[in-house]
Amino acid sequence: MTVAFTVALTCVAVAACSSSGTPTHPPTASAAAPSATTKIQHVIYLIQENHTFDNLFGRFPGSDGVRTGLDHGVRVPLGPAVVGPMPGDLPHCFRCAIAAFDGGKMDGFDHGPQGKLAYTQFRPAQIPDYWYWAKHDVLFDHFFSSAWGPSFPNHLYAIGAQSALARENPVPPGGGIQRWGCDSPARTFVEAYRAGRVALVRPCFSFPTTGDLLDASGVSWSYYAADSDEKGYMWSAYDAIDRYRQQPAAWKAHIHPVDDVVTDIQAGALPAVTWITPRYELSDHPPFSTCWGENWATKVIDAVERSPMWSTTAIFLTWDDYGGFYDHVRPPATDRMGMGFRVPMIVISPYAKDGVVAHPVSEFSSVLSFIEDNWGLRHLTARDRAGDPMRQAFDFSQTPRAAHPLPPQTTCKGPPFPRLHF
């Protein structure tokens, strides 16, 4: 059965479709699209923001976590984390990461006024849903961000196994957080390696992505992100790929508002491969509340688990960079881009092993490796070619595990699901 036919059948039975019976964002797929090589027919790559493994899961039983850290050579306890709102953000730029690494001593995470927050750690009761998935699905404890430093390069690795050698977040004129791609204001530049030196370049690139590989093979895909007037749009990675951002037809076909994602899940309208990045205030990104961020992730994952697609889905849940928080494991030296510091990765699926901590070294490109292997696609770069495809998370011989949707937390502080615009 093709993806398009499956969607048509589902749409008939689900009231969330439009009055014409058409899903909000119908996936496009070719009748000649290759079949999946495993029982996974839907991959969802859900990317939250800015936490290390030790910060979220350093207390998780059986994992490579610690309860103390090194602060400029001094052993300190990792105090209770602030669920939110936090007093402020932590520095997590490229140079901040190099300083935190401190030549391999892993003790330079305190960068100033909010620096002591870097040495904090969540307790299980503070993140009950994240902890539940880690306990009942597969938690990877040697999953690393792909690049040193912040969001922009790491989100590019999550779609293309490279960042065009960009190593920082783009800086628009006058500073601030606006648009980080091809539609960014004039004179917006990003630090990138060029000809053996660091240059300032426009954050608009043309390198191939996994989306292009999927298109070439007729496999449907979508990328859900904040709208261009919402905070969080800077994580819309395809904004930095010229042939999508500068071609309205390609953008409309594949890039969709993240506020539509739950409705589209309920309508059976998700394609074979889906990337999801949140609005800023629901992303776990300091200073915003992790309580609201976790509730949003729960809402998305619960929708999948309550839908017919659950039986053929793998959800890869991760956090895009270290966010300034402490982690004790030295990143592997892969190339001049990184890897960066550890971040959590949880694989949630009816075919995920039950309650396993997986230890192989992996990174954002590894999810692309899984997608490429699952549909018989070529690889993009040395990163996804050599990356561990994370197959050890699955047991395809097991009876598919039942869905386990979770209740949201009811103790979150502040307004529920606020919406921030530029």
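**Briefing on a predicted protein model**

Thr274 lies in strand β12, which covers residues 273-276. The model described here is predicted. In total, the protein has 12 helices and 16 strands, and three places in it are treated below: Thr274, Glu294 and helix α5.

**Overall form**

- The radius of gyration is 20 Å, which agrees with the value near 22 Å that a compact globule of 422 residues would have.
- Along the principal axes, the C-alpha trace spans about 60 × 45 × 45 Å.
- Of contacts between residues at least 6 apart in sequence, 79% join residues that are at least 24 apart.

**Surface and charge**

- Buried residues account for 59% of the 422 residues.
- The accessible surface amounts to about 15,100 Å², and carbon and sulfur atoms contribute 57% of this area.
- The protein carries 33 positive and 40 negative charges, and the mean positions of these two sets are 3 Å apart.

**Thr274 in strand β12**

- Thr274 has a relative accessible area of 0%; because the cut-off for a buried residue is under 20%, Thr274 counts as buried.
- Thr274 and Val43 are separated by 231 residues in sequence, yet their C-alpha atoms are 6.3 Å apart in space.
- Leaving aside residues up to four places away in sequence, Thr274 touches Val43, Ile44 and Tyr45, and also Ser222 and Tyr224.

**Glu294 in helix α10**

- Glu294 belongs to helix α10, which comprises residues 290-305.
- Glu294 is buried but has no salt bridge.
- The nearest side chain of opposite charge to Glu294 is that of Lys135, at a distance of 14 Å.
- With residues up to four places away in sequence not counted, the residues touched by Glu294 are Gln126, Ile127, Pro128, Asp129, Tyr130, Asp284 and Gln409.

**Helix α5**

- Helix α5 comprises residues 151-160, and 10 of its 10 residues are buried, so the helix is largely enclosed by the rest of the structure.
- The buried residues of α5 include Phe152, Leu156, Tyr157 and Ile159.
- Ser151, Asn154 and His155 are also among the buried residues of α5, as are Pro153, Ala158 and Gly160.
- An α-helix has 3.6 residues a turn, so residues three or four places apart point the same way.
- After α5 comes Ala161, which has a positive phi, near 55 degrees.

Key. Residues are numbered from 1 along each chain as its sequence is written. This is a predicted model: local features need pLDDT of at least 70, side-chain atom pairs count only at pLDDT 80 or more; totals for chains, interfaces and linings use all residues. Side-chain values use heavy atoms; hydrogens and water are left out. Helices (H or I, at least four residues) and strands (E, at least two) are DSSP runs, numbered from the N terminus. The radius of gyration is taken over C-alpha atoms; the globule rule is 2.2 Å times the number of residues to the power 0.38. Buried means under 20% relative accessible area, exposed over 50%, partly exposed in between (1.4 Å probe, protein chains only). Contact means heavy atoms within 4.5 Å. Accessible areas come from the Shrake-Rupley method with a 1.4 Å probe; for residues, only the protein chains shown count as cover. Lys and Arg count as positive and Asp and Glu as negative; His and the chain ends are not counted. The place of a charge is taken as NZ of Lys, CZ of Arg, CG of Asp or CD of Glu. A salt bridge is a side-chain nitrogen of Lys or Arg within 4 Å of a carboxyl oxygen of Asp or Glu.
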